[in-house]
Structure formats: C-alpha cells, structure tokens
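Me: I would like to learn how to read a protein model feature by feature, starting from the overall fold and ending with single residues. Could we take one as a worked case?

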Amino acid sequence: MELNEALYTTRAMRRVKPDPIPDDVVARIMDAAIRAPSPGNTQQWRFVTVSDRDVMAELGELYGRSWDRLNETAYAGRREAAAERGDDQTLRVMSSAGWLAANFAQVPLAVLAFTRNDVDGSGIYPAVWNLMLAARGHGIGATLTTVLHNFAADEVAELLGVPAAKGWRNAACVTLGYPLGKWGVADRPPVHEVVYADSWGNPPAWQAPDPMWSY
Ligand SMILES: Cc1cc2nc3c(=O)[nH]c(=O)nc-3n(C[C@H](O)[C@H](O)[C@H](O)COP(=O)(O)O)c2cc1C
C-alpha cells in the first residue's frame with residue numbers, strides 16, 4: 001500500500017466482522033509496532049493480544065461499563081447537545097463508539113498496550129500508531145480506545161494478570177478486525193487553519209483547502 005493512502009485513510013474502524021485475524025498477520029502487525037521510536041529507545045512496552053472469546057467477553061463487559069461511565073461523566077449531555085446544534089459528525093462518532101461498546105465481545109482481536117516509567121504517557125503512542133498503520137496495510141480496521149484504562153484499569157490488570165506492582169500500566173486498547181464499512185479519507189478542517197508559521201496565529205504562506213491526497 002502506498003504510504004499516503006495509509007496515512008490518509010487509517011481511521012477509527014469500529015464496526016468490524018467477527019472473522020478471526022490469522023496469527024501470521026497478527027505477528028506482522030506487532031512486529032511493525034515495535035519498530036516505532038520510544039523515549040531514549042527504552043522500549044518500555046508490553047502488548048497483550050486478546051483473541052480468546054472468553055477473555056474478550058470479559059473485556060467487553062468492562063468496556064461496556066466504562067463506556068457507560070464515560071457517558072455519565074465527561075460525555076454527559078454530549079449527544080443531546082450535538083443533536084441540538086445539528087453536529088452530525090459528533091453524532092456519528094457517538095453512534096459508532098456505542099456500536100463498539102455493544103459489540104466488543106464479537107470483535108476478533110484487541111491489543112492492549114502497556115507501558116511503565118513513561119513520564120507523560122507519550123512513549124507508547126508511536127508504537128500504537130505503527131500497529132494501526134500496519135493493520136491498515138493488511139486491510140484490517142483498528143480503533144484506538146482509552147475508556148478501559150480510564151474507568152477499569154484495575155479490573156483489566158487483574159483479568160490479564162498484569163504485574164501492576166512492577167509499574168506496568170495500560171495506555172491503550174486497540175480493537176481490530178476486517179471492516180464492515182468502507183475506508184475513506186479522514187475529514188478534517190483545512191490544514192492551514194491549524195498550522196501557524198513562526199509565531200502563534202501567523203498563517204502559513206500556503207493553503208490547502210482540500211486533502212492533499214485522495215483516491
Ligand atoms: C487518544 C485517543 C483515545 C481514543 N479513545 C477512544 C475510545 O475510548 N473509544 C472509541 O470508540 N474511540 C476512541 N478514539 C477514536 C477517536 O474517537 C477517533 O479517532 C476520532 O473520532 C476521529 O475519527 P477518525 O479516526 O475516524 O477520523 C480515540 C482516539 C484517540 C487518538
């Protein structure tokens with residue numbers, strides 16, 4: 001796959017088929033993940049790939065509860081406010097995220113990324129993004145999720161036997177599967193609206209009203 005296609009179309013693909021992902025593909029995705037940079041090349045990461053149906057069912061239970069908690073707290077009123085202002089994009093994300101919460105147990109694979117001694121939590125995300133790009137290259141959809149560690153970190157650690165006392169903390173749970181939907185270029189406000197040149201607020205010399213790569 002061409003690099004730009006992967007960069008522009010690696011989206012949150014929550015709706016996936018239950019079809020299993022072959023082990024050799026999982027191996028390739030994870031091998032690409034650990035090629036990522038890390039602070040001082042310390043590689044303070046461990047990954048747990050979960051495909052066992054019973055473990056996924058238990059994770060799904062925790063995920064569903066975490067999603068409910070998010071909706072009761074940080075996301076309280078979000079759906080209603082979006083509907084009121086006609087914000088279809090937010091409504092679509094909420095609906096898609098709700099689908100994942102309701103169907104987590106039938107997702108074929110989840111990869112939980114753990115880190116330690118990571119001062120600001122930034123050290124693991126290049127690997128997580130490598131993982132998602134590599135999955136995209138294999139035609140596999142992925143979604144980076146964080147609700148589990150925000151609302152059920154201890155339960156997840158216990159379920160997976162994580163040595164939390166040694167400092168390992170969950171930083172992301174990536175769900176993966178063959179997509180039910182179609183790939184598309186990520187819709188964002190034009191890039192020149194969020195990039196400044198030399199000082200804050202100073203517009204760059206260039207403009208790009210539309211994505212600079214498309215199918
Ligand atoms: C740090 C981070 C945390 C996220 N957490 C969740 C999550 O817990 N659940 C979920 O369904 N999506 C989650 N997402 C996915 C975003 O909602 C998604 O990437 C965003 O809406 C943009 O959509 P797109 O990737 O399809 O363009 C997360 C994304 C990031 C980068």
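Me: What pattern does the protein follow when it is read along the sequence?

Reply: Keep in mind that this is a predicted model. The usual start is to list helices and strands in order, and here the pattern is α-α-β-α-α-α-β-α-β-α-α-β, with 8 helices and 4 strands in the protein. The radius of gyration is 18 Å, close to the 17 Å that the globule rule gives for 215 residues, so the protein is as compact as a globular protein of that length. Its C-alpha atoms fill a box of roughly 50 × 45 × 35 Å along the principal axes.

Me: What share of the contacts with a separation of 6 or more comes from residues 24 or more positions apart?

Reply: Such residues account for 80% of those contacts, while 25% of the 215 residues count as buried.

Me: How should I read a single helix, and which residues of helix 6 are buried?

Reply: The general idea is that an α-helix has 3.6 residues a turn, so residues three or four places apart point the same way. In helix 6 the buried residues are Ala-127, Val-128, Leu-131, Met-132, Ala-134, Ala-135 and Arg-136, and what covers them includes helix 1, helix 2, strand 1, strand 2, strand 3 and strand 4. A check on length is also useful: the 13 residues of helix 6 (residues 125-137) should span 18 Å at 1.5 Å a residue, and the end C-alpha atoms are 18 Å apart, which agrees. Just after helix 6, Gly-139 takes a positive phi of about 75°.

Me: Which parts of the protein surround the ligand, and how do the residues of the shell divide by character?

Reply: For a ligand, one lists the shell and then asks which elements supply it. Among the surrounding residues are Arg-11, Arg-14, Val-93, Leu-100, Thr-143, Thr-145 and Ala-186, and helix 5 (88-103) and strand 3 (141-145) each supply at least two residues of the shell. By character, the shell divides into 7 nonpolar, 3 polar and 2 charged residues.

Me: Where is Ala-186 found, and is Ala-186 buried or exposed?

Reply: Ala-186 is found in the segment after strand 4 (169-177). With 11 other C-beta atoms within 10 Å, where exposed means 12 or fewer, Ala-186 is exposed. Leaving aside residues up to four places away in sequence, Ala-186 touches Tyr-8 and Arg-11, and Arg-11 is itself one of the residues that surround the ligand. By contrast, the C-alpha atoms of Ala-186 and Arg-65, 121 residues apart along the chain, are separated by 29 Å.

Key. Residues are numbered from 1 along each chain as its sequence is written. This is a predicted model: local features need pLDDT of at least 70, side-chain atom pairs count only at pLDDT 80 or more; totals for chains, interfaces and linings use all residues. The radius of gyration is taken over C-alpha atoms; the globule rule is 2.2 Å times the number of residues to the power 0.38. A residue is buried if 20 or more other C-beta atoms lie within 10 Å of its own, exposed if 12 or fewer, and partly exposed in between; C-beta atoms are placed from the backbone. Two residues are in contact if their C-beta atoms, placed from the backbone, lie within 7 Å. A residue is near a molecule or strand if its C-beta atom, placed from the backbone, lies within 6 Å of it. Ala, Val, Leu, Ile, Met, Phe, Trp, Tyr, Cys and Pro count as nonpolar, Asp, Glu, Lys and Arg as charged, and the others, Gly among them, as polar. The expected span of a helix is 1.5 Å times one less than its number of residues.
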